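Me: I am new to this structure and would like to learn how to read it. Could you walk me through a few features, one at a time?

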Amino acid sequence: MAPQVDLVLIFRSSPGKVLSKPQARENARQAAQQYTRLLEVLKNGHLQVVGKRGEKEGQLLVLVQCPEDTLKRLVQRERYSDFLCGLPTTNPTGTRDLTNTPLTPADRLRLVYTYVTATPADGGLGVAPGSSTWDRVESVMVLHDHEFNESWIRAWTTRQLGFVKFDRIREQFGEAIALYFHFLSFYTKQLTFISTVGVLFYFLALPYSTIYSCILVLWSIVFVEWWRIKQRQLSVAWGTQGSFRVEKRRAQYIPLSWWRKDLRALASLPVILFFASVLAVLLTGIFVFEAFVTHLYTGPGHKLIGFSPTILFVALVPRLLSIYHSYAVSFTNWENHGHQSTHDASLTVKTFSLSAIVAYLGIALSAFVYVPFGEEVMFMVQYYLFHGDSTAKTWIGSLLSSLPGNVTVPFNMTTPAKGATSSSQTFWERDSLNARTKLNPKRLQDQMFAFTVTNQVVNTFLEIGLPFVLRAVSSIRSGKGLSLAAPAAGAGNNGNGGKKKRVMFEDQPADEVTAVEGEEREFMDRVKREVALPQYELFADYSEMVTQFGYVSLWSTIWPLAPVMALVNNWLELRSDAFKMTVHVRRPIPTRTDTIGPWLDTLTFLTWSSALTNSALVYLFRPGNQCKPLLSSALLIALGASHGYILVRMLVRHTLERLLWRGSKEQLEAERMETVVKEEYLRSLGVAEVVNAKKHMAKAGEPDVSPAFWSQDEGLDELSRETKDA
């Protein structure tokens, strides 16, 4: 039987580069010193620890297992903490019998992980990756439960048109992952309504329908406000409401005054604005080059010049985002957040703000610049290139001079050659009328199709298919041959039909290779394969769904079939995320949470923005508009729509609170749990209830001898007298 391992600590003994002999000796001394201290800290914390060799050179794997006695102590300590912070819990003075009521796998792993990584001030051991004390501890991970993984994936494939139950997800991966799948499932179900409406308006109504836009904005508001109540109900049902109050402090946290923290948070704002401005200018330049300049160019290779904007985007934008992300991480660490949830929330806001610019700026420029004012912009571009700025002529001339002479001669003629047309004698389209005919009136619809169909297909391949390709390339480069096996799919899956070869040495008798040794060797091979996997990032999955919601709520007036494409993608996304989580990444570390965090605020902001964009789109592009639309008028209409959004949201929130929360079993349970824990605690201390105490005093107390003043009541006599007088 394979040993039970709760945590795996990846310890790096060498820096992974060539060192001189004195440097190597000093590095080995420091590594041995920190490794010995690591084992001592873990063993003094009453944990079972053993170190094993890793797959890479200079890598050690420290396996940790928590004994039952230590686990009982951790459970009891968490119950104390929950009681003191007001979280629902059972009697904190009692002792939980883990034999009769065992912990879920997620709770067990969460307790052990928190105990190992929490600071000593919070009752932990302080072994946290990224801390200065343990700079050689790269990461802490937990191992997959392959039996559950296989049954979970099988449940998704057998329920081809339905949704699996999420209770087991919470038991295995914790509340954070279960909340994400609940959100994705809830969002997918909500898409069915707007998808049906979109199909009807796409085939039966005129484009840019006012009615469809109003329904879309109302649906967005209802979805966000409904989910706000839904996550509250889930937190009550799971007993995690207010879990942020018991969150442990980060090991990197240094106590600072409040004004220093606020100043550090504000210091990152100019950096965000700078990178956002640079990114906006870059994307606008690529947009103008792709939408106008490439259509004006008629020289050699004009059919291939259309790929240059894509090449520029791929070469420049990811690089800029990577530089910005490094600064965002540095600033977030410098902000010195006390808890991991606030640290992740701050980093999420910084990262998604620029991701949203990349996602939505292109289609916004097409909607509010290219389509309504494309002719004017085309004229301005032509004037800049051929009549206006001398700088443009200079860089155009240098570009032409770099080409071979035999290529440019036919295009530089001042007089038409025999048999040559005038259009073949220049690199650029100078005729304004011909240039205007090259504008694409269906550009918006083409972009929406690309964003909601093509991009989602590419993202699915990047999540599911690309890891297999990368794994095969890595296997070939390491000399192991071609292997597409999923390292986390099963305990014995090593690319040889599920059977593992037994390795024996020449001087080792065959009878000494016991079954236990074979199981342990197979177990360590599985551990090494899982260590090689990347960590799971919940941010990427939330970012993908929130970005998709933005496309649906902000821009589906352009193409009402966008919700249908999102619905189909999300039905596959539920299954692909489950497959990715069990096969391509490490097992997520369970955490307690009662909200999706800053993503709820992001959804609210996108819903508000949808009121602006939909009103402006209907004004600019509605078929019955005979007048030339003005951008200033569109802005005024969008401003009015934003005020209407505030009123509608207040009405929707009030209505949903009355329908879904007030008087619900979750609300009654939340109110009951505020007092039941304290009542149970008082009973455990022997303090009786008020009613029982009164009965007890009446039975065991002294005889009740009341003075005459309290025994003579005159009220009934007075009432009888008044009755007789009447």
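Me: Let's start with strands. How many bridges join strand E1 to E4?

Reply: This is a predicted model, and in it strand E1 (residues 7-12) and E4 run antiparallel, joined by four bridges. One pairing to look for is Ile10, whose bridge partner in E4 is Ser139. As a general idea, side chains in a regular strand alternate between the two faces of the sheet.

Me: Is strand E4 enclosed or open?

Reply: Strand E4 covers residues 137-141, and four of those five residues are buried, so the strand is largely enclosed by the rest of the structure.

Me: Thanks! Now for charged side chains. What is the idea behind a salt bridge, and how many salt bridges are there?

Reply: Side chains of opposite charge can pair when their charged atoms come close. Here the count comes to 21 salt bridges. A good one to begin with joins the side chains of Lys350 and Glu335, at 2.8 Å from N to O. Lys350 lies in helix H10 and Glu335 in the loop between H9 and H10, so this pair ties together parts that are 15 residues apart in sequence.

Me: Are Lys350 and Glu335 buried or exposed?

Reply: Lys350 counts as buried because its relative accessibility is 5%, with under 20% being the cut-off. Glu335 is buried too, with a relative accessible area of 5%.

Me: Which salt bridge could I look at within helix H17?

Reply: Try Asp577 and Lys580, whose side chains meet at 3.9 Å, N to O. These two residues are three apart in helix H17 (residues 562-583), so about one helical turn separates them. Both Asp577 and Lys580 are buried.

Me: And what about helix H23?

Reply: There, the side chains of Asp725 and Arg721 form a salt bridge at 3.0 Å, N to O. Being four residues apart in helix H23 (residues 715-725), Asp725 and Arg721 are separated by about one helical turn. Asp725 counts as exposed at 56% relative accessibility, while Arg721 is partly exposed at 41%.

Me: Which residues are linked in a network of salt bridges?

Reply: That network links Glu78, Asp82, Asp107, Arg110 and Arg592.

Me: Now the backbone. Which loop residue should I check for a positive phi?

Reply: Look at Tyr208, in the loop between H6 and helix H7 (210-238). Its phi is near 55°, a positive value in a residue other than glycine. Tyr208 counts as buried, at 10% relative accessibility. Another case is Asn336, which is not a glycine yet has a positive phi of about 60°. Asn336 sits in the loop between helix H9 (308-334) and helix H10 (340-386), and counts as buried at 6% relative accessibility.

Me: What about the surface: which residues make a nonpolar patch?

Reply: Val199, Leu200, Tyr202, Phe203 and Leu204 make a nonpolar surface patch of about 530 Å². Take Tyr202 as your guide: this residue is found in helix H6 (residues 175-204), and is partly exposed, with a relative accessible area of 38%.

Me: Last one: where should I be careful with the model's confidence?

Reply: Where pLDDT is low, the predicted coordinates should not be read in detail. The protein chain averages a pLDDT of 80, and 77% of the residues score at least 70. Over residues 406-425, however, pLDDT stays under 50, and the model has 21 contacts beyond four places in sequence for them. Residues 488-508 also stay under 50, with 38 such contacts.

How values were computed. Residues numbered from 1 in each chain as written. Heavy atoms only, no water. Patch = residues over 30% accessible without salt bridge, like charges linked within 9 Å, V, L, I, M, F, W, Y side chains within 5 Å. Areas by Shrake-Rupley, 256 points an atom, 1.4 Å probe, with all protein chains shown as cover. Salt bridge = Lys/Arg side-chain N within 4 Å of Asp/Glu carboxyl O. Buried < 20%, exposed > 50% of the residue type's maximum accessible area, 1.4 Å probe, protein only. Pairing = 2+ DSSP bridges. pLDDT = per-residue confidence, 0-100. Contact = heavy atoms within 4.5 Å.
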